[in-house]
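Thanks for coming, everyone. Please have a look at the screen while I talk.

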Amino acid sequence: MLTLLTKDNVKYVGRTLLQGDVLLLSLSGSGVAFEYEGRGLTLTLQGGRASEIPDNQANYARIAVYVDEERVCDLQLSKQKTSLRVAESAVSKKSLIRVIKLSECAMSLAGILPLEISEGESVRPAPEKAHKLEFIGDSITCGYGVDDEDPLHPFKTATEDVTRAYAYKTARALNADYSMFSISGYGIISGYTADPAVRMAQQRIPDFYESMGFSYDSMPGFDAPASLPWDFTKYVPDAIVLNLGTNDDSFCQEDVARQQEYADAYVAFLKVVRRRNPGAMIFCVLGLMGDRLYPWVCRAAENYRRETGDDRITTVRLPEQDPSIGYVSDYHPLESAHEKAAAVLVPAIREVMGW
C-alpha cells in the first residue's frame, strides 16, 4: 500500500515541497519525521540529475535514516532511485522514523517517494517539539567537511553532515523543531572570494531566502529551487538565528567602506526576514570562523532597531575555532568547535526566550 508524504501522514522537517508523488528535499537538514506501526516499510529515495553522473561522489546527495533516534542508514544517492527496508521486525511495533538530508542544496537535491506499507499498518506525523527555530547561514551551518579532518581536502557532499554542526545541535538541545536556509560560500554582499578585488555578487543569501534555495543540481519534474517560492505560513519559527558574514569578510577585509556596505545590506536583509517572520526573535551571530565583522553585525542590529523601532533582535558572538586543535576540510570547524558554539548559543536563546 502506497502512502503519500502529505502533512496528514508525516511531519515535514525544514523546507520541503510535495509535487505529485515526490517530496523535494533541497536544503540541509530537510526531511520528514513520522511514527510507524508495522513490521517494516519500504522507503524509496530519488536522486537529482547529479545522481546520473558516474563517480560524482563530490555532488551526490547524502541522506541519513534514523529509527528510534539510531542512524540505521547513511548513504549517497548515486542512482536515480534507491529503495530501503526500514524498521523490519518479526512482530508489529511502533517506531519513530526520521529521514534527513545531510548535504546542502547547492550541489545536491533529493526526493522521497510514497512509503510502501502493508495493509493494517500505519504512519502518522511525529509530534511537534516544544519550540521552533530557523537558522540562516553558510557552510558553517551546513556542517561543511565535518567528516574529513584534513584541512587540505576540498568540498564533498560525502563529508558534509548538518547533524554535526552547531545549528542542529542547538535545536536538539532546546527541544526545538528547525528549518535551515544555508548555502556554502554565500554571504550578504558577497560570497567567498580568494581575491578581494573580485566580488562574488551571485552568491548572496538575500537573493534566494524567499525560495527553496539555490542548486546547480536539478530534480526531474521540478523547477529550479530558486524559482520555487517558499510559503512562510508552512513553518512559523519562534526564533531565528542569522549567521552570515564569514564569506563577506573575505571580500570586505579591512576596507571600512565595504564593511559599512555589509552593515547596510544586513539591515535591509533583516527587514526582509522580519516581513516574512513577523513574530520571531532574531539572534544575529558570528565568530566561529572569525569575528572581524562582528562589530558591524552589532552596528547593523542597532541601526535596524533605530530605523524600525523593532527591538526583537539581539546579537551573540560565537567562539572562534582553535587552530591549535585543528580543522576539517578547507579549514572549517571540527565538530568540537561546533559544540562549543552551541554551548554559547543555547543558553543565550534560553535566557532571551525564557525556555
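I'll go from the whole chain to its nonpolar cores, and then to one helix.

First, a caution. This is a predicted model.

Let's start with the overall build. The chain has six helices and 18 strands. Its radius of gyration is 20 Å, close to the 20 Å from the globule rule for 355 residues, so the chain is as compact as a globular protein of that length. Along the principal axes, the C-alpha trace spans about 65 × 45 × 40 Å.

Now contacts. Take those with a separation of 6 or more: 76% of them join residues 24 or more positions apart.

Next, burial and surface. Of the 355 residues, 58% count as buried. The chain exposes about 14100 Å², and carbon and sulfur atoms supply 50% of that.

A word on charge. There are 37 positive and 49 negative charges. Their mean positions are 4 Å apart.

On to the inside. In soluble globular proteins, nonpolar side chains tend to be buried together. So what does the largest nonpolar core here look like? It holds 50 residues. Ile136, Tyr262, Tyr266 and Phe269 touch the most other members. Several elements give two or more residues each: β4 (22–25), β16 (239–242), α3 (246–252), α4 (256–276), β17 (281–286) and α5 (294–308). Which of them gives the largest share? That is α4, with eight residues.

Let's zoom in on Tyr262. Which residues does Tyr262 contact, leaving aside neighbours within four places in sequence? Before it in the chain come Ile188, Ile189, Leu244, Gly245, Asp248 and Cys252. After it come Leu293, Trp296 and Val297.

There is another core, apart from that one. It has 34 residues, among them Tyr168, Tyr178, Ala239 and Leu288.

Tyr168 brings me to my last stop, helix α2, residues 166–173. Is α2 mostly covered or mostly open? Mostly covered: six of its eight residues are buried. Those are Tyr166, Ala167, Tyr168, Lys169, Thr170 and Ala171. Note that a lysine, Lys169, is on that buried list.

What do these buried residues pack against? Three strands are partners: β10 (93–101), β14 (131–137) and β15 (176–182). Two helices are as well: α1 (139–142) and α6 (335–353).

One backbone detail to finish. Just after α2, Asn175 takes a positive phi of about 55°.

That's the tour. Over to you for questions.

Conventions: Residues numbered from 1 in each chain as written. Predicted model: local features only at pLDDT ≥ 70, side-chain atom pairs only at ≥ 80, totals over all residues. Heavy atoms only, no water. Helix = DSSP H or I, 4+ residues; strand = E, 2+ residues; numbered from the N terminus. Rg over C-alpha atoms; globule rule 2.2 N^0.38 Å. Buried < 20%, exposed > 50% of the residue type's maximum accessible area, 1.4 Å probe, protein only. Contact = heavy atoms within 4.5 Å. Areas by Shrake-Rupley, 256 points an atom, 1.4 Å probe, with all protein chains shown as cover. Lys, Arg positive; Asp, Glu negative; His and termini not counted. Charge placed at Lys NZ, Arg CZ, Asp CG, Glu CD. Core = buried A, V, L, I, M, F, W, Y, C linked by side-chain atoms within 4.5 Å.
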